[in-house]
Amino acid sequence: MMGITMARMLQLFFAEARKLRRSPALRTMWLFPVIFILVDLLVSGLPVMMARQLSLPSQQGLPSVPVMALADTWSGYFHPLLIALLPPLLYRSEHRFGLWKHLHVQPVSRKGIFAAKALLLGLGFALVLGTVLILLRLEWVLIAVVNPMAHVTFPWGTLLRVLAWSYLGSLPLLSLYLWLSDRINNAAVPIMFALVGLLLTVSLGGKELDRMWRRDFIPWVLPYTCAQQAIEDPSARQEVHSAQKPYYIEQKVESPKDKRGRKLRIIYSSDPNFGKPPPPTPPWALATFSLGCAALLFLVGLVEAGRDRA
């Protein structure tokens with residue numbers, strides 16, 4: 001990296017960008033947002049469009065509907081899968097079509113190629129999130145056209161915060177998957193990690209641990225946690241992942257029997273804060289951990305990219 005000039009870096013970046021034409025990576029970047037919008041339109045938009053009457057509380061709660069869709073459906077399902085798919089697809093041409101032999105005889109540093117792909121991945125993922133926001137806006141324009149009672153102020157600010165925090169929380173996984181994709185000639189490996197991460201998100205998304213950083217600092221749960229962190233309105237925040245039931249901490253349980261021999265479940269505690277959720281992880285801690293972890297994994301991948309593969 002020290003010997004790569006800015007002009008050379010830009011040349012590598014535009015060369016990597018040209019490889020995206022007619023590639024599965026580019027199709028994935030627009031296909032995921034479109035599928036998400038179709039799912040959200042079917043689940044959330046269709047009932048609103050079909051409603052003949054909306055009460056005042058229902059109309060007031062409509063701005064939180066796209067926020068919940070973005071922070072739960074997108075961040076909980078589509079987002080983690082897309083994180084794992086994009087890096088191996090960026091390396092697909094080199095691994096599958098044997099371009100490494102051609103690149104190794106060129107005056108091109110493999111570290112430079114890794115850095116260019118990292119830059120392309122970061123910008124491409126930001127473009128995907130921007131596409132999601134635009135399509136979500138178009139969805140609610142369509143809903144308001146079909147049902148004028150659903151015309152509300154679109155929550156641009158909240159949605160931008162959710163997307164920004166989601167992007168920030170995704171940086172460690174993007175760096176990890178990019179490193180794995182450069183090192184391993186098999187796209188199934190990051191996809192397997194993605195499935196494991198999705199299970200972790202479903203099982204731990206909303207689980208109350210003391211301290212909460214024990215859950216939030218797991219890189220696979222971090223994007224979902226960061227997305228929820230950006231929501232200021234408690235009514236729009238998901239207490240648990242949509243595929244999970246609420247989780248409650250029980251400090252002490254007794255099971256005496258009544259006169260008929262049936263057990264009675266009694267939960268008690270001397271702690272005045274019992275029953276209250278533990279305090280969330282501070283935003284500065286989430287941001288610091290995400291940036292630090294992403295930088296460390298990127299440096300490891302950069303060093304690994306420069307190793308002799310012969």
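Begin with helix H9 of this predicted model by selecting Val189, Pro190, Ala194, Gly197, Leu198, Thr201 and Leu204, which are the buried residues of that helix. With these side chains shown, bring up helix H4 (64-90), helix H8 (156-183), helix H10 (213-216) and helix H11 (222-229), since these are the helices against which the buried residues of H9 pack. Then place a distance between the two end C-alpha atoms of H9, residues 188 and 204: they are 24 Å apart, in agreement with the 24 Å that 17 residues should span at 1.5 Å a residue.

From H9, move to one of its packing partners, helix H8, and select leucine 168, which is found in that helix. Is this residue buried or exposed? Leucine 168 counts as buried because its relative accessible area is 17%, under the 20% cut-off. Not counting residues up to four places away in sequence, leucine 168 touches Ala287, Ser290 and Leu291. Of these contacts, serine 290 is worth picking out with a C-alpha to C-alpha distance, which comes to 6.6 Å although leucine 168 and serine 290 are 122 residues apart in sequence. For the chain as a whole, 78% of the contacts between residues at least 6 apart in sequence join residues at least 24 apart.

Next, turn to the surface and select Leu26, Trp30, Leu31, Val34, Ile35, Leu38, Val39, Leu42, Val43, Leu46 and Met50, which together make a nonpolar patch of about 1,000 Å². Within this selection, isoleucine 35 lies in helix H2 (residues 24-50), and with a relative accessible area of 36% it is partly exposed.

Now zoom out to the whole chain, where 12 helices and 2 strands can be displayed; followed from the N terminus, eleven α elements come before the two β elements, and one more α element follows them. Buried residues make up 42% of the 310 residues, while the accessible surface comes to about 17,100 Å², with 65% of it belonging to carbon and sulfur atoms.

Finally, colour the chain by pLDDT, which averages 80, with 75% of the residues scoring at least 70. Helix H7 (residues 110-146) has the highest mean among the elements, 93, and strand E1 (residues 253-254) the lowest, 46. Select residues 245-254 as the last stop: pLDDT stays under 50 throughout this stretch, for which the model nevertheless has 23 contacts beyond four places in sequence. Where pLDDT is low, the predicted coordinates should not be read in detail.

Definitions and conventions:
Residues numbered from 1 in each chain as written. Heavy atoms only, no water. Helix = DSSP H or I, 4+ residues; strand = E, 2+ residues; numbered from the N terminus. Expected span 1.5 Å × (residues − 1). Buried < 20%, exposed > 50% of the residue type's maximum accessible area, 1.4 Å probe, protein only. Contact = heavy atoms within 4.5 Å. Patch = residues over 30% accessible without salt bridge, like charges linked within 9 Å, V, L, I, M, F, W, Y side chains within 5 Å. Areas by Shrake-Rupley, 256 points an atom, 1.4 Å probe, with all protein chains shown as cover. Salt bridge = Lys/Arg side-chain N within 4 Å of Asp/Glu carboxyl O. pLDDT = per-residue confidence, 0-100.
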